[in-house]
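Open the model in your viewer and keep the selection box handy. We will go from stop to stop, and at each one I will say what to select and what is there.

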Amino acid sequence: MPSILSRLRIPVIGSPLFIVSGPELVIAQCKAGIVGSFPALNARPQTLLDEWLHQITEELAAWNRDNPDTPAAPYAVNQIVHKSNDRLDADIATCAKWQVPITITSLGAREDLNTAVRNWGGITLHDVINDRFARKAIEKGADGLIPVATGAGGHAGTLSPFAFVAELREWFDGPIALSGAIACGTSILAAQAAGADLAYIGSPFIATAEARATDGYKNGIVEGSASDIVYSNLFTGVHGNYLRGSIVAAGLDPDNLPESDPSKMNFGSGGNTEAKAWKDIWGSGQGIGSIKAVRPVGDYISQLEREYHAAVADLAARTNYKSWN
């Protein structure tokens, strides 16, 4: 695994959250010892991306000077590699200026992008929903994979995480960050046991003080559970998981949503509806049942660390139990 991913407090990447992730969230995640990330498209207008990267770079450098024993984790920027993203080249150029350590690519793979990231000393992780897309990403030069399994928030796949990672490990020995309803320390260990190197966690960070989410959205995460998640492609043209309550509030029936035309992907509007995806229709994964309160990022990551190490110790104790031998 690249050294940039091996010096984390716990093996976790905070996934990029459309609209919700900003510099405040990313900086808090990195200071707490996990990879923080945000979608480049969150910085609007495009010139704001330069300001955000300046802020993140300076604040993390200052933290590292003042805290040499607990340096910040690296950060990542998510790029939507799809023809509808008309600012991709400009965003890549801005990231090159700041030598962004990790690039997360979605909805398409470009060899020239992967080469550019490698030339400035970064790595690229590509999120995928099946083995075919994973192979294409690696063929085009991605350094690692993010298998987005069933139950993940936002644009998610339908494969079991166990089946998905097992298939990838048949041919790929590089870094894998597993995504799919991971919200507690035991699930981080489960991701590693399944064959992943890291866990990719998103929805729980919506319910944090540093997240750029409305109070209604944060409370929806706290009050929700796995049964409150609806899988639909209506809102962007790509299948994703959303909070049932937000769909109802938009005047729609979550149990009878029509199918959208996948050829008309739209990441800003609501596709065939007046409700806007991510702004009015809130993305979420199935793991939110373990989120009980809105709190600072550092508090949540400390809880993950305690749960993770307790799970490691518990597993070691149980596997040594005589009845298992």
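Start by selecting helix α7, residues 185–193, where G185, S187, I188, L189 and A191 are buried. Buried here means under 20% relative accessible area, exposed means over 50%, and partly exposed is in between, with a 1.4 Å probe and protein chains only. Helices (H or I, at least four residues) and strands (E, at least two) are DSSP runs, numbered from the N terminus. This is a predicted model, in which local features need pLDDT of at least 70 and side-chain atom pairs count only at pLDDT 80 or more, while totals for chains, interfaces and linings use all residues. Residues are numbered from 1 along each chain as its sequence is written, and side-chain values use heavy atoms, with hydrogens and water left out.

Now show what surrounds α7. The cover over its buried residues includes β1, β7 (177–179), β8 (198–201) and α10 (297–319); contact means heavy atoms within 4.5 Å. Step off the end of the helix and you meet G195, with a positive phi near 120°. On the other side, select A181 in the loop between β7 and α7. A181 has a positive phi near 60° although this residue is not a glycine, and at 33% relative accessibility A181 counts as partly exposed. Most residues other than glycine have a negative phi, and most peptide bonds are trans.

**Helix α3**

Next, select residues 88–98, which form α3; L88, D91, I92, T94 and C95 are its buried residues. Look down the axis of α3: the buried residues fall within an arc of 160°, so they line one face of the helix. That arc is taken from the directions from the helix axis to the C-beta atoms. An α-helix has 3.6 residues a turn, so residues three or four places apart point the same way.

Which exposed residues sit on the face of α3 turned away from its buried side? Select D89 and K97 to see them. Then turn back to the buried residues of α3, which pack against α2 (48–66), β3 (75–80) and α4 (111–119). Just past the helix is Q99, in the loop between α3 and β4 (102–106). Q99 is another non-glycine residue with a positive phi, about 50°.

**Strands β5 and β6**

Select β5 (residues 123–128) together with β6: the two run parallel and are joined by four bridges. Strands pair if DSSP finds at least two bridges between them. Follow the chain from β5 through helix α5 (residues 131–139) to β6, and you trace a right-handed β-α-β crossover. Right-handed means that, with the strands pointing away from the viewer, the path from the first strand over the helix to the second runs clockwise.

In β6 (residues 144–147), G144 and I146 point one way and L145 and P147 the other, and all are buried. In a regular strand the side chains alternate between the two faces of the sheet.

Zoom in on H126 in β5, whose bridge partner in β6 is L145. H126 counts as buried, at 5% relative accessibility. Draw a distance from its side chain to that of T105 and you have a polar contact of 2.6 Å. A polar contact is a pair of N or O atoms within 3.5 Å; within protein, one must be able to donate a hydrogen and the other to accept it, and residues adjacent in sequence count only if both atoms are side-chain atoms.

**Strand β2 and the loops around it**

Select S37 in β2, residues 36–39. S37 has 0% relative accessibility and counts as buried. Its side chain reaches the backbone oxygen of G14 at 2.6 Å. Beyond four places in sequence, the contacts of S37 include P16, V26, A76 and I104.

V20 is in the loop between β1 (12–14) and α1 (23–31), and V20 is buried at 2% relative accessible area. Among the residues that V20 touches are N42, I206, R212 and Y217.

For a last local stop, go to P45 in the loop between β2 and α2. The peptide bond from R44 to P45 is cis, with omega near 5°.

**Zoom out**

Show the whole chain: its secondary structure comes to ten helices and ten strands. Buried residues make up 52% of its 325 residues. The C-alpha trace spans about 60 × 45 × 40 Å along its principal axes.
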